[in-house]
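Please open the structure in your viewer and keep the sequence beside it. The tour below moves from one selection to the next and says what is to be found at each stop.

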Amino acid sequence: MAVVIEDDDDIREVVHAVLEASGLEVYAAGNGVDGVDAVRLHNPDVITLDLGLPDIDGIEVTRRVREFSDAYIIMLTARAREVDTLQGLAIGADDFVTKPFRPRELLARVETLLRRPRGSKLLSSSGGSPTAELPPAPASNSPTGPTPVLPAAEPSGLEHNGLFLDVATRTTRVGTEEVQLTRTEFDLLQALMEAGRVVRSTTGLARWLHAREYETGGFVSESEERAIQVHIANLRRKLGDSAQSPRWVETVRGVGYRLAAKTSEN
């Protein structure tokens, strides 16, 4: 199911038709307040959202929607509003498409989000051609990667320095406290935890999120790379992590990200 929030009648009809043709049940709203109400009523899997709405803007819509929904949010944004786009990503949007856009591009982004692989693929740390599938999580005596949690305590879970990730229930905990992540933040964290101390490049993560991991040399824009950086910053903020002294997500300057080293108390 999808909700389209767009004040331009022509664009709204195009987006509605594209999503409906893909097999989704679609509801549309022409302003931000009605859009938030539609999301609350229909509980969609994906939302397309124009940033320039006549009542409340797309940033405020995203903020309100994230109070009760984890639906994927794709922003439709003009080229001149990149700052707004990054702000939208910072408060919980998942992706963006720049206007004017091709219907096939929008459809591809939506389909990618809805089928995003939960067992992620490992991309080369250089950001070039992809490598093989991500190897299994290291054994419990490995000092470099996340420790699989015992089935009785945390089914299908990963643990690293007190951070617990349950893939089956898609829940995240720091110690005993649950942390609320967006779907994209969860997926990025899972990718990093599965890779352990292997670096995942910013470019590679962008390709993976858009299901382009098997396109050798597939172009990734600067905006897409910045979007990954914003998502990682959001993830750190929610976990209470520090970029300078990371407990979980370590920056490899000029390359990408990996898990921080195991701490002695773990």
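Begin by selecting strand 11 and strand 13, which run antiparallel and are joined by two bridges. The model is a predicted one, and every stop on this tour should be read with that in mind. Within this pair, arginine 200 has tyrosine 257 of strand 13 as its bridge partner.

Now add strand 12, so that the whole sheet is displayed: three strands make up an open sheet in the order 11-13-12, with antiparallel pairing. Strand 11 (200–201) and strand 12 are at the edges, and because each has a single partner strand, one side of each is left without a neighbour in the sheet. Follow strand 12 (residues 249–252) against strand 13 (residues 256–259), where four bridges hold an antiparallel pairing, and where threonine 251 stands opposite tyrosine 257 in strand 13. Tyrosine 257 is thus a residue to keep highlighted, as it is named both opposite threonine 251 and as the bridge partner of arginine 200. Between strand 12 and strand 13 the hairpin has three residues, and there glycine 254 adopts a positive phi near 80 degrees.

Next, select helix 6 (residues 183–195), which lies across strand 11, strand 12 and strand 13 and runs at about 65 degrees to strand 13.

Move then to the other sheet of the tour, an open one of five strands in the order 2-1-3-4-5, paired in parallel. Its edges are strand 2 (26–29) and strand 5, each of which has a single partner strand, so that one side of each is left without a neighbour in the sheet. Neighbouring strands here are turned against each other by 20 degrees on average, direction ignored. Inside this sheet, pick out strand 3 (residues 46–50) and strand 4 (residues 72–78), which run parallel and are joined by five bridges; isoleucine 47 stands opposite isoleucine 73 in strand 4.

Select helix 5 next, and look at how it lies across strand 3, strand 4 and strand 5, running at about 155 degrees to strand 4. Which residue forms a salt bridge with aspartate 95? The partner is arginine 109, and the closest N and O atoms are 3.1 Å apart. This pair links distant parts of the chain, with aspartate 95 in strand 5 (residues 95–99) and arginine 109 in helix 5 (residues 103–114), 14 residues apart. Over the whole structure, a search finds 13 salt bridges.

Stay in this region and select proline 100, which lies in the loop between strand 5 and helix 5. The peptide bond that joins lysine 99 and proline 100 is cis, with omega at about -5 degrees.

For the next stop, display helix 2 (residues 32–42) with helix 3 (residues 58–65), which pack at an angle of about 25 degrees with their axes 10 Å apart. Angles under 35 degrees count as roughly parallel, and helix 2 and helix 3 are therefore roughly parallel to each other. Helix 2 passes helix 3 in a right-handed crossing. At the contact, Gly32, Val33, Val36 and Val39 in helix 2 meet Val61, Arg64 and Val65 in helix 3; by class, the contact comprises five nonpolar, one polar and one charged residues.

Finish at asparagine 161, found in the loop between strand 7 (157–160) and strand 8 (163–166). Most residues other than glycine have a negative phi, whereas asparagine 161 has a positive phi, near 50 degrees.

Notes. Residues are numbered from 1 along each chain as its sequence is written. This is a predicted model: local features need pLDDT of at least 70, side-chain atom pairs count only at pLDDT 80 or more; totals for chains, interfaces and linings use all residues. Side-chain values use heavy atoms; hydrogens and water are left out. Two strands pair if DSSP finds at least two bridges between them. Axes are lines fitted to C-alpha atoms, for helices over the stretch in contact, and angles run from 0 to 180 degrees between N-to-C directions. Angles under 35 degrees count as roughly parallel, over 145 as roughly antiparallel, 65 to 115 as roughly perpendicular and the rest as oblique. A crossing is left-handed if the near helix is turned anticlockwise from the far one by less than a right angle, and right-handed if clockwise. Contact means heavy atoms within 4.5 Å. Ala, Val, Leu, Ile, Met, Phe, Trp, Tyr, Cys and Pro count as nonpolar, Asp, Glu, Lys and Arg as charged, and the others, Gly among them, as polar. A salt bridge is a side-chain nitrogen of Lys or Arg within 4 Å of a carboxyl oxygen of Asp or Glu.
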